[in-house]
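Ready for some practice in reading a protein model? Work through each exercise with the structure on your screen, then compare your steps with the solution.

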Amino acid sequence: MPRPSQLLTDLENAVAFRLFEGRQNTPTLTVPEQIAAQVGDAIIKGKLRPGEALNEQRLADSFHVSRGPVRDAIRILEREGLATIYPRRGAVVTDLTLDEVREIFEIRVGLLEIVARKIAANHSPEYLATLRAGVEKLETLARVADDRGQYAETSYRLSILSVRNCDNQRLTQMLTALSLQTLRYSYISLAPIERRQASAALWRKGLDALERGDTKTYIAISRQRVEESGRAVVRRLSESAQEPARRRA
């Protein structure tokens, strides 16, 4: 069996293009897909802000292509909830409201509970080895003052690994899209070291429960981890929304 460190590296390679990780038997990406992957990555990492315009000509010049592939790439981003296209205005980075974020996390909690039940019922030694390596990496990143977003990225990858282990293509597609829409906010909410340490502790407790066959505890902790993540994201977004008012006061 491959070493856990190699398994985690394989996982990182497998999700390099987050938008297309659910696809099978497609070794290469088309030009629009490559553009969508790079622009989507910029959105997720906060380099393109919510509400920011996605100018077709500027993107075409940046990628040295015509506007056609860019237009197709923007449609892909719209499909995944990362871009919104307005008539006569063009496309912008999707700006989710607090209520929309709450709704997405509520759906994720339910779907990921299904994932946890499936994982508890059927998981391979390779999956456990990768999960152990991932949790160890999370614990290391939770001790770093500034993790540069690596904790959120690794947590996302482990979640998608679990979803893909269920061998349910529709479930994978649904959770990938929902996770992509909230990942950019998770970067913000997981910036504080205390929040990362609390999250890593739950990942560890969940792994321990899974390894000893305690299905009830594993499912409960998996649910708790996603619920706490959602509350942290909403709290940070609420604080950000109140900042302008405080500065004016």
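**Exercise 1. Decide whether Arg88 is buried, partly exposed or exposed, and find its place.**

Solution. Step 1: take the relative accessible area of Arg88, which is 86%. Step 2: compare it with the cut-offs, where buried means under 20% relative accessible area, exposed over 50%, and partly exposed in between (1.4 Å probe, protein chains only). Arg88 is therefore exposed. Step 3: look for Arg88 in the loop between β1 (83-86) and β2 (90-93). Step 4: check its backbone; phi of Arg88 is positive, near 65 degrees, and the residue is not a glycine.

Before you go on, a word on the model. It is predicted, so local features need pLDDT of at least 70 and side-chain atom pairs count only at pLDDT 80 or more, while totals for chains, interfaces and linings use all residues. Residues are numbered from 1 along each chain as its sequence is written, and side-chain values use heavy atoms, leaving out hydrogens and water.

**Exercise 2. Describe the overall build of the protein.**

Solution. Step 1: list the elements, which are DSSP runs numbered from the N terminus (helices: H or I, at least four residues; strands: E, at least two). There are ten helices and two strands. Step 2: write their order from the N terminus, α-α-α-α-β-β-α-α-α-α-α-α. Step 3: turn to burial; 47% of the 249 residues count as buried.

**Exercise 3. Which residue in the loop between α7 (150-165) and α8 (169-189) has a positive phi although it is not a glycine?**

Solution. Step 1: go to that loop, where you find Asp167. Step 2: read its phi, about 55 degrees. Step 3: classify Asp167 as exposed, because its relative accessibility is 72%.

**Exercise 4. Check the span of helix α6 against the expected value.**

Solution. Step 1: recall that the expected span is 1.5 Å times one less than the number of residues. Step 2: apply this to α6 (residues 125-141); its 17 residues should span 24 Å. Step 3: compare with the model, where the end C-alpha atoms are 24 Å apart, so the values agree. Step 4: repeat for α9 (residues 193-211), whose 19 residues reach 27 Å, close to the 27 Å expected. Step 5: note what follows α9, namely Gly213, with a positive phi near 80 degrees.

**Exercise 5. Where in the chain do the partners of the salt bridge between Arg204 and Glu139 lie?**

Solution. Step 1: confirm the pair; a salt bridge is a side-chain nitrogen of Lys or Arg within 4 Å of a carboxyl oxygen of Asp or Glu. The closest N and O atoms of Arg204 and Glu139 are 2.8 Å apart. Step 2: place the partners: Arg204 is in helix α9 and Glu139 in helix α6, 65 residues apart, so the pair links distant parts of the chain. Step 3: check accessibility; Arg204 is partly exposed at 25%, and Glu139 is partly exposed at 21%.

**Exercise 6. How far apart in helix α5 are Arg117 and Glu113?**

Solution. Step 1: count along the helix; the two are four residues apart, about one turn. Step 2: recall that an α-helix has 3.6 residues a turn, so residues three or four places apart point the same way. Step 3: look at the side chains, which meet in a salt bridge (3.1 Å, N to O). Step 4: widen the view, and you find Glu113, Arg117, Arg223 and Glu227 linked in a network of salt bridges.
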